[in-house]
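Biologist: I am new to this structure. Please pick one part, look at it closely, and then work outwards from there.

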Amino acid sequence: MDSITAWLHEKNPGLTGAVAPDEDLIEARLIDSMDFLEFIDLLEELSGNSIDLQEVTIDDFRTLDRIQRTFLTPPVPSAASGAVSG
């Protein structure tokens, strides 16, 4: 999350202090439409995965908590995937 908060501070020079994990980044105008694709690139770089914009919603980018859960937390394998068929 340090890279994301550093990016937010870089794009918003007037931003002082920490960004709360539940702060609405879009409503607070910390991410705007001009920088959104650059932000997507950053998330793809950090996660190592491409983001299909048809599979996500704007709400997935609203807070640092949501970004962490949606893009940066590895999926938990289901119990079925570990089962051995016999």
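Modeller: Start with two rings: Phe 36 and Phe 61 are both buried (under 20% relative accessible area; exposed is over 50%, partly exposed in between; 1.4 Å probe, protein chains only). A word on the basis: this is a predicted model, where local features need pLDDT of at least 70 and side-chain atom pairs count only at pLDDT 80 or more, while totals for chains, interfaces and linings use all residues. Residues are numbered from 1 along each chain as its sequence is written, and side-chain values use heavy atoms, with hydrogens and water left out.

Now the rings. There are 3 aromatic pairs in the structure (rings of Phe, Tyr and Trp, taking the six-membered ring of Trp, with centres within 6.5 Å; planes under 30 degrees apart are stacked, over 60 edge-to-face, the rest tilted). Phe 36 and Phe 61 make an edge-to-face pair, because their planes stand at 75°, with centres 5.0 Å apart. Phe 36 sits in helix H2, and Phe 61 in the loop between H2 and helix H3 (64–72), so this pair ties together parts 25 residues apart in sequence. Helices are DSSP runs (H or I, at least four residues), numbered from the N terminus.

Phe 61 has another partner. Its ring and that of Phe 71 also have centres 5.0 Å apart, but the planes are at 25°, so this pair is stacked. Phe 71 belongs to helix H3 and Phe 61 to the loop between H2 and H3, so the pair ties together parts 10 residues apart in sequence. Phe 61 and Phe 71 are both buried. Phe 36, Phe 61 and Phe 71 form one aromatic cluster.

What else does Phe 61 touch? Leaving out residues up to four places away in sequence, its contacts are Leu 25, Ile 26, Ile 31, Phe 36, Phe 39, Ile 40, Leu 43, Val 56, Ile 67 and Phe 71 (contact: heavy atoms within 4.5 Å).

Those contacts lead to the core. The largest nonpolar core has 19 residues (buried Ala, Val, Leu, Ile, Met, Phe, Trp, Tyr and Cys joined through side-chain atoms within 4.5 Å). Ile 4, Leu 8, Leu 25, Phe 39, Leu 43 and Phe 61 touch the most other members. H1, H2 and H3 each supply at least two residues. H2 gives the most, with 5 residues. In soluble globular proteins, nonpolar side chains tend to be buried together.

Charged side chains come next. The structure holds 5 salt bridges (a side-chain nitrogen of Lys or Arg within 4 Å of a carboxyl oxygen of Asp or Glu). In one of them, Glu 38 pairs with Lys 11, the closest N and O atoms being 3.0 Å apart. Glu 38 is in helix H2 and Lys 11 in helix H1, so the pair ties together parts 27 residues apart in sequence. Glu 38 is partly exposed, at 34%. Lys 11 is partly exposed too, at 26%.

Next to Phe 61 in numbering are Asp 60 and Arg 62. Arg 62 meets Asp 24 in a salt bridge of 3.1 Å, N to O. That pair links distant parts of the chain, 38 residues apart: Asp 24 is in the loop between H1 and H2, Arg 62 in the loop between H2 and H3. Arg 62 is partly exposed, at 25%. Asp 60 forms a salt bridge with Arg 66, at 2.8 Å between the closest N and O atoms. Lys 11, Asp 35 and Glu 38 are joined into one network by salt bridges that share partners. Asp 35 lies in the loop between helix H1 (2–11) and helix H2 (36–47). Asp 35 is buried, at 16%.
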